[in-house]
Amino acid sequence: MEFIFALAVGILTASGVWLLLRPRTFQVIIGLSLLSYAVNLFIFGMGRLRIGVPPVLENAEAVDPAFYADPLPQALVLTAIVISFAMTALFLVVLLASRGLTGTDHVDGREDAQ
């Protein structure tokens, strides 16, 4: 389970970095989104990945907290999801305004002469 999780985070990170290095603005925005997804998964994984364990304490007597997932990373990821959605929406508005003003979606504002 941990290997698959680490592989998913690694693939998202590699894809995000590759898209960040592309010349088109939309690809850069998608790369930033993929990187934020990778960071969210990484933070979520720090809260201990448990399968078949109840998320809520049933009784308050002599409970070992090592058997339960940490709720703090889950709260951080929820906050990060909202912030990344707002950031992506803002970037898309800036992309549309930039494309309207310059007529291209190239990162540097001009097409390569080929």
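A salt bridge here is a side-chain nitrogen of Lys or Arg within 4 Å of a carboxyl oxygen of Asp or Glu. By that yardstick, a search of the whole structure turns up two of them. This is a predicted model, in which local features need pLDDT of at least 70 and side-chain atom pairs count only at pLDDT 80 or more, while totals for chains, interfaces and linings use all residues. Residues are numbered from 1 along each chain as its sequence is written, and side-chain values use heavy atoms, with hydrogens and water left out.

One salt bridge joins R24 to D105, with 2.8 Å between the closest N and O atoms. This pair ties together distant parts of the chain, 81 residues apart: R24 sits in the loop between α1 and α2 (25–45), and D105 in the segment after α3 (71–102). Helices (H or I, at least four residues) and strands (E, at least two) are DSSP runs, numbered from the N terminus. D105 also meets the side chain of R99 in a salt bridge, at 3.8 Å from N to O. Taken together, R24, R99 and D105 form a network of salt bridges.

How do the partners in this network differ in burial? For these labels, buried means under 20% relative accessible area, exposed over 50%, and partly exposed in between (1.4 Å probe, protein chains only). D105 is buried because its relative accessible area is 17%. R24 counts as partly exposed because its relative accessibility is 28%, and R99 gets the label partly exposed because its value is 44%.

Next come the membrane annotations. The UniProt annotation "transmembrane region", from an unreviewed entry, covers residues 26–44 and 75–97. UniProt positions are given in the numbering used here, feature names are shortened, and annotations may be inferred rather than shown by experiment. In the model, residues 26–44 are 100% helix and 0% strand, with the end C-alpha atoms 27 Å apart. Residues 75–97 are likewise 100% helix and 0% strand, and here the end C-alpha atoms lie 34 Å apart.

Within helix α2 sits I30, which counts as partly exposed because its relative accessibility is 33%. The C-alpha atom of I30 is 7.0 Å from that of L19, eleven residues away along the chain.

Helix α3 holds both S84 and T102. Their side chains make polar contacts (a pair of N or O atoms within 3.5 Å; within protein, one must be able to donate a hydrogen and the other to accept it, and residues adjacent in sequence count only if both atoms are side-chain atoms). The S84 side chain reaches the backbone oxygen of I81 at 3.0 Å, and S84 is buried because its relative accessible area is 10%. The T102 side chain reaches two backbone oxygens: that of S98 at 2.8 Å and that of T104 at 3.1 Å. T102 itself counts as partly exposed because its relative accessibility is 45%.

Back at helix α1 (residues 2–20), where L7 is placed, there is a nonpolar surface patch. F3, I4, L7 and I11 make up this patch of about 460 Å². Patches are made of residues with over 30% relative accessible area and no salt bridge; like charges are joined within 9 Å, and nonpolar side chains (Val, Leu, Ile, Met, Phe, Trp, Tyr) within 5 Å. L7 counts as partly exposed because its relative accessibility is 44%.

Note on methods
Accessible areas come from the Shrake-Rupley method with a 1.4 Å probe; for residues, only the protein chains shown count as cover.
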